[in-house]
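Work through the exercises below with the sequence and the coordinates side by side, and try each task before reading its solution.

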Amino acid sequence: MERLRQRADFLAAAAGVRAPATGFVLQVRGRGDDGPPRFGFTASRKVGTAVERNRARRRLRDVVRRTDAADVATGHDYVLVARRAALSLPFDRLVAEFRSALRRVADKRRTGETGARAHRVRGAGKTDGTASARPARRAQG
RNA sequence: UCAGUCGGCCGGACGGCCGCUGCGGCAAGGGCCGAAAGGCCGCCGGAGAGGAAAGUCCGGGCUCCUUGGACAUGCGGUGCCGGAUAACGUCCGGCGGGGGAAACCCCAGGGAAAGUGCCACAGAGAACAGACCGCCGUCCCGCCUCGGGCGGGCGGCAAGGGUGAAACGGUGCGGUAAGAGCGCACCGCGCCUCCGGCAACGGAGGCGGCACGGCAAACCCCACCGGGAGCAAAACCGAAUAGGGGCGGCAGGAGCCGCAAGGCUCAGGUCGAUGUCCAGACCCGCCGCCCGGGUAGGUUGCUCGAGACGCCGAGCAAUCGGCGUCCUAGAGGAAUGGCCGUCACGCGCGGGACCUUUGCCGGUUCCGCGCCCUACAGAACCCGGCUUACAGGCCGGCUGAUACA
């Protein structure tokens, strides 16, 4: 997994498409090339103390690591902004939320529209039933 | 065993799957990103948060700044004595004062006879203090139920009451009209001498009749210490763009001066919604190359150090010396983890057995289920301290009580 390091990259992603969830807010920006996707993680002071911020960032990092491939587009930067719930939510729930958020973001980018379509997309994310199938396939490879 | 007190230590364990960071070794040829500097990509091995990593309150190392140094002034800090230390406001050992039955704990603990200032309220009186109640008189006046009493005047008194944080030292005896260091003894206080101690200070003796209230976290005085900023310090490498300097090539209307270089004048272009005129400001060339400063960015600084552990020695101790062994996190939108299982510890609920009891309560142990699945908390240049936070647990010293021997 390639990580975002420069402050400018984070600022650019913040201006892109966003998809809120209980545990985090996902922000995506197309870079305009076809390199590998990159990920950044942010946990502000609002999340809690230094210990809690580190823990939130590490959990989100592993959420991304276990999801990989499929819904992630090449040539895009993804930033996960941690919320306080990222500390207490069950891990499986976070993984499901991340898949849902990825799908919503992809829809938004395809239609070029935001706002009105978000309701339908959020409903589609809840019916996602492939949560347990993906890690199993990973184990074979 | 219980109660208290002081000090030290630990602060989950094991395993599975999947990851991260840097180090060492092996490979050494290539690929990718970038304009460059530089970065990333392979396999194996071992390593990877704390006692406070925290607050950023003191003290240092290190780096840069004032050209460098000295002194003075100002400002800030510290404040019993001795020792430890690189240094400290830290630590150790003492001294003095206060608390406790004791172990032990607490103290911002220099100077108030260098000066200035403040001491509210209450109270009669508060800093060369003071008669409100009261006590006393062989003094004077008046009245009466007349060897006495009452009231008033004059005078004496700081013992008692009352106020206050504090009232010209306390207790006792003598003394007196009543009283008072007025006199005496003891205690306190001040001064002097001697003795003990490196010293803070302690002890003894003598003298003084008591003067010298408190506040210096009020100004101040005295002694000692301190230049400022901080790793986003700082060093090196180094784009794009704008601007600076230099070199070369090409272009350069008209007139005048000049051999020439060049100079002057008139033209030329840009500026306001547009055009003309006037005034003003600016440009007064274009292209290529080179140089230096410097921003983004990159690399270094970055972990071998007042280092850790063990043994021996010195010292009451803080600590110091010697010898041996070891290398023990180095990130940078920030690695040191995520998920799961088993176990331990703790807490709660239910049940069984045993001890105790009339019984309840209580204690021990076993089983099952549930909870927390750990508290406080995450290195950010590095050390020495201080302060604050902390579930639970372990060990030891000392004091007191009880039991046994």
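Two strands count as paired if DSSP finds at least two bridges between them, and strands are DSSP runs of at least two residues, numbered from the N terminus. The model treated here is predicted.

**Exercise 1.** Establish how strands E3 and E5 are joined, and which residue stands opposite Gly30.

*Solution.* Begin with the two segments, E3 at residues 24-30 and E5 at residues 76-82, which are joined by 7 bridges and run antiparallel. Then take Gly30, and the residue found opposite is His76 in E5.

**Exercise 2.** Determine the strand order of the sheet and name its edge strands.

*Solution.* Reading across the sheet, the order is E1-E4-E5-E3-E2, an open arrangement of 5 strands with mixed pairing. The strands that pair on one side only are E1 (2-3) and E2 (17-20), and these are therefore the edges.

**Exercise 3.** Describe how helices H1 and H2 lie relative to the sheet.

*Solution.* Consider H1 (residues 7-14), which lies across E2, E3, E4 (38-42) and E5 and runs at about 100° to E3. Turn next to H2 (residues 50-67), which packs on the sheet and touches E1, E3, E4 and E5, with its direction making about 155° with that of E4.

**Exercise 4.** Summarise chain A by its element pattern and its burial.

*Solution.* Chain A contains 5 helices and 5 strands, which follow one another along the sequence as β-α-β-β-β-α-β-α-α-α. With buried meaning under 20% relative accessible area, buried residues make up 37% of the 141 residues in chain A.

Technical notes:
Residues are numbered from 1 along each chain as its sequence is written. Chains are lettered from A and ligands numbered from 1 in the order in which they are written. This is a predicted model: local features need pLDDT of at least 70, side-chain atom pairs count only at pLDDT 80 or more; totals for chains, interfaces and linings use all residues. Side-chain values use heavy atoms; hydrogens and water are left out. Helices (H or I, at least four residues) and strands (E, at least two) are DSSP runs, numbered from the N terminus. Contact means heavy atoms within 4.5 Å. Axes are lines fitted to C-alpha atoms, for helices over the stretch in contact, and angles run from 0 to 180 degrees between N-to-C directions. Buried means under 20% relative accessible area, exposed over 50%, partly exposed in between (1.4 Å probe, protein chains only).
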